[in-house]
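Walk through this model from one domain to the next, then across to the partner chain. Keep the viewer open as you read.

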Amino acid sequence: MKKIDEKILLETALEVVKNSCTGIAPDAMELLKRAHLKEKNKAAKKLLETMIINAELADNMNKPVCQSPGYPVVYAKLGGDLKLEANIQKVFQKAIIELTKKNYIRPSMVHPITRRNPGDNSGVGVPDVEVELAPDSEHTDFIISFKGCGAELANVQRVLTPAQVGKEGIGIKKLVLESVVKAGGIPCPPVAVGIGIGGQIHYASRLSRKAVSVREWTDTNPDQELAMLEQELLPAINSLGIGPAGIGGDTTALTVKVEMVSTHTAICPVAINFHCWTARRSGARIYSDGSVKHLFKRK
Amino acid sequence: MSKKNSLISPLKNEDIARLRIGDVVNLTGIIYTARDMAHIRIMEHLREGKQLVENFRGAAIFHAGPVVRKKNEEWEIVVIGPTTSMRMEPFSENLLGRIGVKAIIGKGGMGKKTQRALTKYCGVYLLSPPGCAVVQSKSVQRVLRVNWLDLGVPEAIWVLEVKDWGPLIVAMDSHGNSIFKEVSEKALARIPKILDIK
């Protein structure tokens, strides 16, 4: 059985962390370019154009696409005939510190109460690591997502009652639209809107972050009901007219991603997680023979 | 860009008063970065009657924390772009009224308190394209100095010289107008129709 030891994981982590910070995922770029073509508001079109140019420049010049790295989460899906012999959090933190020293990542992690900044993005529990066991899978995936914190400030969590959910989930749709309006320009639109529904609120919250962090923004939800909800919400959000940076326009959201799990008969937890337009997502897939394939690679 | 739309800092009331929401401008001169912790410390200084580290009369404050590197003992900006301005909403009255700031530059927009201060003291809120850090760092000529680095790189006050920095969009003007307020009110009114609720 092949091993994923610290050396292999660190090499992988360095590559995916750097790749995620110096550009945006190709699927997000595709949506941004489509939005730019369709946008009718002149100032909004100019902003979208600036965003596209900026992301391409970052990629070409090997620079951080945004000055703020946001906060990192690693999604690990452990499968394949592989033995993990490394601490995922420790190794990814090491990679993040290394790349902070090389000025790819601004030192942004601080103590939540004292606000002390150690200056190298070392910190308690950084990055967050979410592990999923996938014994039937033929590979192990590591996806890292740096998500900006303006977007984070706009997040909403609500535990609805069955009456508040309403017919065909209209209460959920209303909550989403109102949250997008309240968020305005704060989450750096055009955004991706992640919606987690069900479980208890912590479960819905985890799903909402994951929804905008591991899926390609151009994909279609395999669950037909959720796919329909995503397809209904995206044009609804865009008809609000919030626009890029919140200055008005046709492009408020690039995508809507909904994840659902069953809940208790008394409640309907809903978590709404905003992602700014800078989709800093990268990943690696390791197969049983030890070969590595990079995910969301730009070139 | 026409001369009308080129601003030079330090800014004067007449530079600000002629601006209207929707105008696209650029800025040349000195700017000061300031985020949450710098604002909190400025307020502490004001409360305690202590001298501030900079003279902010006519200043342009940029809500931003750069990525920097040191080259031969000199600081260099790797990239810089705006952070969420709304976090600094509680400080606008003092910033404009007491220390004389004229332009607040950031992203996401600000609220009623800032709108009142902009009108009362003739100030402007400029929107800098969010997430566009590489593009914007091209306008930075040099780092003049840094204050309060003990707050950490993002939260320190970086004093920068910029040239033709733009595009910056006038998003809140000194006449009581706010793009964000207009956009938000229209959007809120649309929700019942979108959901087909009578």
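The domain assignment splits chain A into two parts: domain 1 (2-22 + 64-148 + 280-295) and domain 2 (150-275). Their C-alpha centres lie 26 Å apart. The contact between them takes 8 residues from domain 1 of chain A and 9 residues from domain 2 of chain A. On the domain 1 side, β2 and β5 of chain A are the elements that give two or more residues. β5(A) gives the most to that side, with 3 residues.

This is a predicted model. The predictor gives the complex an ipTM of 0.93 and a pTM of 0.96. For chain B, the mean pLDDT is 96, and 97% of its residues reach 70 or more.

Turn now to the sheet that holds β2(A) and β5(A). It is an open sheet of 5 strands with mixed pairing, in the order β4-β2-β5-β10-β11 of chain A. β4 (128-133) and β11 (292-295) of chain A stand at the edges. Each has a single partner strand, so one side of each is left without a neighbour in the sheet. On average, neighbouring strands are turned by 15 degrees against each other, direction ignored.

Helix α1 (residues 6-21) of chain A packs on this sheet. It touches β5 (139-147), β10 (280-287) and β11 of chain A, and its direction makes about 150 degrees with that of β10(A). Helix α4 (residues 88-101) of chain A lies across β2, β4 and β5 of chain A. It runs at about 140 degrees to β2(A).

Look next at the pairing along each edge. At one edge, strand β2 (residues 71-78) of chain A pairs with β4(A) in the parallel sense, over 6 bridges. Here L78(A) stands opposite L133(A) in β4(A). At the other edge, β10(A) and β11(A) run antiparallel and are joined by 4 bridges. R285(A) stands opposite K293(A) in β11(A). These two strands form a hairpin with 4 residues between them. In the turn, G290(A) has a positive phi of about 90 degrees.

Move on to A271(A), in strand β9 (residues 268-275) of chain A. Is A271(A) buried or exposed? It is buried, because 26 other C-beta atoms lie within 10 Å, and 20 or more count as buried. Beyond residues up to four places away in sequence, A271(A) touches Q157(A), G196(A), I201(A), A204(A), S205(A) and S208(A). H294(A) is 23 residues from A271(A) in sequence, and their C-alpha atoms are 30 Å apart in space.

Now cross to the other chain. 41 residues of chain B are in contact with 49 residues of chain A. On the chain B side, β4 (67-71), β5 (74-79), α5 (133-137), β9 and α6 (179-195) each supply at least two residues. α6(B) gives the most, with 11 residues.

What does the largest nonpolar core draw on? It holds 143 residues, and those touching the most other members are A28(A), V191(A), V193(A), L254(A), I61(B), L126(B) and A171(B). Strand β9 (residues 157-172) of chain B gives the most to this core, with 10 residues. The core also draws at least three residues from each of domain 1 and domain 2 of chain A.

Finish at A171(B). Leaving aside neighbours within four places in sequence, its contacts include I247(A) from the partner chain. Among its contacts in chain B are I21(B), G109(B), Y125(B), L126(B) and F180(B).

How values were computed: Residues numbered from 1 in each chain as written. Chains lettered and ligands numbered in written order. Predicted model: local features only at pLDDT ≥ 70, side-chain atom pairs only at ≥ 80, totals over all residues. Core = buried A, V, L, I, M, F, W, Y, C linked by C-beta atoms within 7 Å. Buried ≥ 20, exposed ≤ 12 C-beta atoms within 10 Å, placed from the backbone. Domains from an automatic or database assignment. Contact = placed C-beta atoms within 7 Å. pLDDT = per-residue confidence, 0-100. Pairing = 2+ DSSP bridges. Axes fitted to C-alpha atoms, helices over the stretch in contact; angles between N-to-C directions.
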